[in-house]
Amino acid sequence: MSRDYYAVLGVSRDASEDEIKRAFRQKAKQYHPDANPADATAEARFKEVNEAYEVLSDEEKRSAYDRFGANWQQYQNFNGENPFPNSGEVPFTDMSDIFETIFGGAGGRRTGHGGFHTRADFPRAGQDIEQDVHISLREAYEGTQRIVSKDGRDITVRIPRGAATGTKVRLAGEGHPGYNGGSAGHLYLVVQVADDPQFERKGDDLHVDVKVDAMTAMLGGDAEVPTLARPVRTKIRAGTQTGQKLRLTGKGMPRLRKGKEHGDLYARVLITVPTQLDADQREWAEALRKSLR
């Protein structure tokens with residue numbers, strides 16, 4: 001890639017790691033194939049943005065790029081050593097000495113015709129790509145699918161049950177192409193699970209509020225508790241207090257790639273009281289209050 005990596009992301013050369021990350025996310029969202037279907041220009045820009053971020057987000061690669069520009073990968077082939085260390089002076093008697101030192105001494109080898117093979121001649125695997133994929137908590141519970149567009153192809157990807165934010169799903173060979181016959185890199189979909197308005201997730205456990213009327217809390221009974229599968233009934237002990245948590249074993253999230261195992265669900269009791277009482281009910285409530293003093 002000949003374009004300036006910093007220009008691709010739209011940041012200055014002294015940009016911080018966070019500034020580079022923010023710029024990458026903005027550009028990746030802008031040029032993502034899903035947002036620009038059948039737009040070859042946007043797809044090319046998306047690839048440029050990914051390539052630029054792969055270099056500038058890596059301290060070692062960025063340092064090499066800042067020092068050698070477009071030739072930064074050659075720098076890596078020399079294990080981080082400048083092949084011409086003396087401020088541009090080349091202390092060799094002829095060009096064969098130069099090639100011998102650079103290529104022979106840096107992992108290269110002489111061919112049978114007086115030439116040299118360098119590391120750059122050897123097959124190299126392509127770079128991996130990471131891409132966010134957003135799902136709901138219910139989709140994480142049940143498992144779901146997403147369609148990813150890649151090089152004009154639609155690829156159906158299965159997101160496994162129990163996936164959490166940060167879970168990676170690998171698409172083998174769908175990353176950047178390799179060099180000189182090397183294998184392609186992989187595409188990793190990084191799962192981002194959205195917050196749910198009803199359930200709170202902590203690891204594989206779920207937390208939810210359940211309303212219990214005051215009489216049931218005082219005398220005992222049962223209450224309906226929502227789960228991501230279906231509502232269940234649970235026993236409420238007499239004297240249950242507001243804020244008390246009831247544990248429902250195995251009613252939480254599926255454990256990722258662990259068969260039928262699930263976390264637990266914790267129901268937090270919220271005691272409710274009637275907002276309106278008729279005369280008889282109020283008299284009864286007053287009598288009960290006096291008796292409890």
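## Hairpin β10–β11 and a negative surface patch

In the β10–β11 pairing, V225 has V232 of β11 as its bridge partner. The model is predicted, so local features require pLDDT of at least 70 and side-chain atom pairs pLDDT 80 or more, whereas totals for chains, interfaces and linings use all residues. Residues are numbered from 1 along each chain as its sequence is written, and side-chain values use heavy atoms, without hydrogens and water.

Strands β10 (residues 221–225) and β11 (residues 232–236) run antiparallel and are paired over five bridges; pairing requires at least two DSSP bridges between two strands. Strands (E, at least two residues) and helices (H or I, at least four) are DSSP runs numbered from the N terminus. Six residues form the hairpin connection from β10 to β11. L228 belongs to this loop. The C-alpha atoms of L228 and F199 are 8.5 Å apart, with their positions 29 residues apart in sequence.

A negative surface patch comprises D14, E17, D18, E19, D58, E59 and E60. Two or more of its residues come from each of α2 (17–31) and α4 (59–68), and α2 gives the largest share, three residues. Patch residues have over 30% relative accessible area and no salt bridge, like charges being joined within 9 Å; a salt bridge places a Lys or Arg side-chain nitrogen within 4 Å of an Asp or Glu carboxyl oxygen.

Two residues are classed by relative accessible area: buried is under 20%, exposed over 50%, and partly exposed in between (1.4 Å probe, protein chains only).

| Residue | Location | Relative accessible area | Class |
|---|---|---|---|
| E19 | helix α2 | 36% | partly exposed |
| L228 | loop between β10 and β11 | 2% | buried |

Conventions: Patches are made of residues with over 30% relative accessible area and no salt bridge: like charges are joined within 9 Å, nonpolar side chains (Val, Leu, Ile, Met, Phe, Trp, Tyr) within 5 Å. Accessible areas come from the Shrake-Rupley method with a 1.4 Å probe; for residues, only the protein chains shown count as cover. Lys and Arg count as positive and Asp and Glu as negative; His and the chain ends are not counted. The place of a charge is taken as NZ of Lys, CZ of Arg, CG of Asp or CD of Glu.
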